[in-house]
Structures are given as structure tokens and as C-alpha cells.
Amino acid sequence: MSAARELRRSPPASLIQTVDRHRAQACRRLDPARRSELGQFLTPPRLASFMASLFERLGGSVRVLDAGAGVGSLTAALVAEACSRPDAPTDILAVGYELDPALVKHLSKGMRACRDACRAAGIAFDGRAVRADFIAAAVEELSLPGPRARFTHAILNPPYKKLGAGSAARRALRCAGIEANNLYAAFLALAVRVLEPGGELVAITPRSFCNGPYFRAFRELFLREMSLRRVHVFESRTAAFAEDDILQENVVFCGVKGAPPGAVLISSSNGPDDGPIAARQVPHAEVVRPGDPERLIHVVPDQAGKDVADAFARLPARLADLGLSISTGKVVDFRARALLRPDPAADTAPLIYPAHLDAGVVRWPRPGKKPNALVDCAATAHLWMPSGIYVVVKRCSSKEERRRITAAVFDPATVPCARVGFENHLNVFHRSGAGLPPLLARGLRAFLSSTLVDTYFRQWSGHTQVNAADLRRLTYPALETIERLGARAGDRALGQHEIDRAVEEALGAGARDAVPEGESTAMP
């Protein structure tokens, strides 16, 4: 089926609409605090139908797992999809796990609706609404000796919530040989484990698992056990769960357990109600690079994105080649609270926060909630860096910001000081703990502020954090190219178009072809 038809088709009305009425009733009655505690975001019908359509095979005897089932929207969508196919199954066993007792009541009703739809289609149906902690139940099942029942299909919209290192869930997961720092990764890892060889999994989750050290163990498990077949990105952060006012970058993906790596269809749309913006089929090695120890998942749905990735592949340098290092700021403010000062004084030195970054430069001091200075004394001696020119990058961007990477130059010409402190929410580019030459600093800032870098970073970074490890992972232009870019950028204010044009001129025709049109922002 084409990507366009998948997103635009109307689901079989009666079953899905019946279960969606249960969803609407449940949402009105759910306690917001309890919902936040459990990480519950129920799946709307169009999204559920799209996910169910991604299964390649729904014939024969189907045994489906729906973990974190809510009211059973995903199970209903899978049943409706199976009933509509020419190679419909002979029988379906559906097991839905749900912890919330109010939702389990609706889930039981949903299972009965699925039974009625299957009966009308001549398909035997056995639906089980299980009120249980899925993690505890699955870990116990996996610990039992002898053969175990395995699922042919898993369809999940798992809860999203961090798991504490010492939590009961983390301890249980370790008993099953699973490391996961978030409920959604835990649910997915367990679902993979209980799938039979050749079984299919379809899930919607935050995109954050695609990169970063926190999800590395999960990526290793998933990519070892599963072969990705499809990844779909919703460009809008709000469209997938619009009714819940969720601001989250989501992906829908599917894979086959134990299958050899093959071609992967990468696609994108604004939301589940829209046709695809772009779709392309790529080799598995383009999604997960062979030999990459981090096992990053690159999601590039269009040719323009591929051009950007190709441009980065041609860049020759790593930070070490440029003689550069990057570190997080040394000042953790709550540990130095007694020595923070709102205004500079004779016994202080500048303390730079992300709030001091403005249009490509550090403006200090600034009025506001954040301190501007730190007392210069023996207790803070290890927190300073010597006066010099540094490039600083915010470690966190807000989800509403157009740019994922926000870079600025700290220049002692505008912030006179003998030493400077950088707060822990900043990444600092330096040379052996000291400052950078002016042309190198300006060129590096321009490169990091370009649409080229922003576009490439988003291909494998699914969250708003910009870690030092992420910036080390980038490839960079040669030193002389960065300095030439610094000379081109100079000290005057540049809009985004001028920044991108300067990067294109410095990097050559390959970058010119790759850079999408940027937004209008200013950078001195």
C-alpha cells in the first residue's frame, strides 16, 4: 500500500468509532495527576488505523500483544485492519495489559466489540483485558522455564515516563537482562522479547531513542533482535496527540523479529490526518551506519535531507583535528548557591548562563532571574576558565525554538575579566582549557548556526538536548575553511540567509545543494 493511501484511508467505522467513544469517555474522567503519573496518552483513531495498516502479514492465526492498552484503540484498529484484508486471519488472540482500573473496564468493552466484529467476519476471537503491571508480568513470564506462548504481533503506544535507577521497575528489568531509563523503552524491549521469530512490532514513541547515551542499551537490544522496515516521522510536535496538548516529536516504526536487515521505508507527514510530505526507501545501512558504536538511527525522509547527510560525510575534520575540545560548564549553581551574586562586584567574576546568549553573542550582565557573577575565592578556584574567546552552545533548547543548536561567542573585549565561569547548561568549545583565535571562534559559531548543521542534527537527534557528545560526533570543515568562514562572517549582524550563504561559499557547491532555505534570524 502506498504511503499516501495509508494516511488518508478511512478506518472501518463501527468498531473503531465504538472504541473511540470509550476513549472519549475515559479521557473526560481521567485524573490529570494520575495520568501524568502513569504517562498515559490514549491513541486517537486515525493514528491507530495508520499504525495497524503497517503490518505486512495479518493472516493465519494472529496472537497480538497490546501493552499499555488503554481502552483498546490499537487492538480495535488491528482487528478492523485484519477483517478488511483479503487474506484475513482464521483466529485472533488479543492480550491487552492495562494498570488503570478505570481504563481496564473500557478495555473489556473494547475486547467485546472486537469479538462482535470478528464474529461478523467469520473470525474466531479471544480477547483478554489484563489488569496488571506489564513490566512485572512480562519479566515473570520470561523467567519461567520451558516453552512460552509467543506473540505474532505487537502494537504499542507505551507510556512515556523516566524510570529511576533504583526503581522497582529498573530492578525487575535487570532480572530480564534489560537496561531502560524510560517506560516506553522498557515496554518495547519486553515486547521484542515476547515476540516469536518473524513476529512484527508496530509502535509510536518519542523520537528520543534514536540517539543519545541514555538509550544506547535499548538501541543495541532492538537492532540486534529486530529488523526495521518502516519509520514515519510526524513533523508537527502537536498533531499526533492533539487532544492531549502534547508537545513531543513522535515516530511510528515497525520491524520484524529475527529478519535480516533490508530496505527501510522512511516517510513523514505533518500529522496522522495528512498525506505524506515525503517518502523514500533506503538501504538499512543508511539508517544505522555499519560500525557505529552508538547505533544511532538516522531518519531522513527526503532527498534534501540525504543531500545534507552527504555534505556532512564529505567534511574532513573532527574536533581533535582542529585542536579543539568541548566540555560542559563547570558551575553547577545549586552547589555554589551561597557564592552566587545577582550583580558583579569587586570580589566576583562573570558567570555565564544560557540566558546570557543573545543573537550569537554573550551579553553580560543581564537583568533577570539568573545570577550574573560568582565569588572568586578558594572554594571556586576549580570552576573558572581563563579569560579568552570561547564558543558556547546551549545544552537544552526549548521545543518551540526553531533552532536546535544555539551558539554564541564569549569575547572578553565585551565582557572584561581575568577569568570566567560557565554554568552547567552550556557546552564550551576551547583549546586545552583556554580560548580560541578570533577567526576560528567566529567561523565555528557561523557553522554551528547554519541551517545545514541544524538539519543534519535533527536527522539523528530526537530530543531537545544538545550534549557535548553530540557536538563531538559532528564532522567539521577543515581549519582553514572555518577561519575563512570567520573572516566572511566578521563582527557585523548576519541574518540566517547570510549565515547560510557564507557557509555555502566556504564549503563549496556540495553544501550549496544541500542547504535548505533558512529562517530569518540575526547573528552578530
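The paragraphs below lead through a predicted model of one protein chain, from its overall make-up to its helix packing, its salt bridges and a few features of its backbone.

The protein chain has 524 residues, of which 55% count as buried, and its secondary structure comes to 18 helices and 22 strands. Among contacts between residues at least 6 apart in sequence, 77% join residues that are at least 24 apart.

Helix 4, which spans residues 45–53, is a suitable place to begin, since seven of its nine residues are buried and the helix is thus mostly covered. The buried residues of helix 4 are Leu-47, Ala-48, Ser-49, Phe-50, Met-51, Ala-52 and Ser-53.

Two helix pairs illustrate how such elements pack. Helix 5, formed by residues 73–84, packs against helix 6 at an angle of about 5°, with the axes 10 Å apart; because angles under 35 degrees count as roughly parallel, the two helices are described as roughly parallel to each other. On the side of helix 5 the contact is made by Thr-75, Ala-76, Val-79 and Cys-83, while helix 6 contributes Met-111, Cys-114, Ala-117, Cys-118 and Ala-121. By residue class, this contact divides into eight nonpolar residues, one polar residue and no charged residue.

Helix 13, residues 438–448, meets helix 16 in another way, at an angle of about 85° and with axes 7 Å apart. Since angles of 65 to 115 degrees count as roughly perpendicular, helix 13 and helix 16 are roughly perpendicular to each other. From helix 13 come Leu-439, Leu-440, Arg-442, Gly-443, Leu-444, Ala-446 and Phe-447, and from helix 16 come Leu-479, Ile-482, Glu-483, Leu-485, Gly-486, Ala-487 and Ala-489. The residues of this contact comprise ten nonpolar, two polar and two charged ones.

Just before helix 6, Asp-100 occupies the loop that runs from strand 2 (89–98) to helix 6 (101–121). With a relative accessible area of 5%, Asp-100 is buried, because that value falls under 20%. A polar atom of the Asp-100 side chain lies 2.9 Å from the backbone nitrogen of Ala-102.

The structure holds 18 salt bridges, and a few of them show how charged side chains pair within an element or across the chain. Within helix 10, residues 216–225, Arg-216 and Glu-220 lie four residues apart, about one turn of the helix. An α-helix has 3.6 residues a turn, so residues three or four places apart point the same way. The side chains of Arg-216 and Glu-220 meet in a salt bridge with an N to O distance of 3.3 Å. Arg-216 is partly exposed at 31% relative accessibility, and Glu-220 is partly exposed with a relative accessible area of 31%.

Other salt bridges link distant parts of the chain. Asp-376 pairs with Arg-419, and their closest N and O atoms are 2.7 Å apart; Asp-376 sits in the loop between strand 15 (373–375) and strand 16 (385–386), whereas Arg-419 belongs to strand 19 (residues 419–422), with 43 residues separating the two. Asp-376 is partly exposed at 30% relative accessible area, and Arg-419 is partly exposed at 32% relative accessibility.

Helix 16 appears again in the salt bridge between Glu-505 and Arg-488, whose N to O distance is 2.9 Å. This pair is 17 residues apart and joins helix 17 (residues 496–507), where Glu-505 lies, to helix 16 (residues 479–489), where Arg-488 lies. Both ends are partly exposed, Glu-505 with a relative accessible area of 46% and Arg-488 with one of 26%. Elsewhere, Arg-115, Asp-116 and Arg-119 are joined into one network by salt bridges that share partners.

The backbone itself deserves a last look. Most residues other than glycine have a negative phi, and most peptide bonds are trans. Against that background, Trp-364 and Pro-365 are joined by a cis peptide bond, with omega about -10°, and Pro-365 has its place in the loop between strand 14 (361–362) and strand 15. Ala-359 has a positive phi, near 55°, and this residue is found in the loop between strand 13 (357–358) and strand 14, where it counts as partly exposed at 31% relative accessibility. Ser-432 likewise has a positive phi, near 50°, and lies in the loop between strand 20 (426–430) and helix 13. With a relative accessible area of 78%, Ser-432 is exposed, because the value is over 50%.

Conventions. Residues numbered from 1 in each chain as written. Predicted model: local features only at pLDDT ≥ 70, side-chain atom pairs only at ≥ 80, totals over all residues. Heavy atoms only, no water. Buried < 20%, exposed > 50% of the residue type's maximum accessible area, 1.4 Å probe, protein only. Polar contact = N/O pair within 3.5 Å; in protein donor to acceptor, adjacent residues only side chain to side chain. Axes fitted to C-alpha atoms, helices over the stretch in contact; angles between N-to-C directions. Parallel < 35°, antiparallel > 145°, perpendicular 65-115°, else oblique. Contact = heavy atoms within 4.5 Å. Nonpolar A, V, L, I, M, F, W, Y, C, P; charged D, E, K, R; others polar. Salt bridge = Lys/Arg side-chain N within 4 Å of Asp/Glu carboxyl O.
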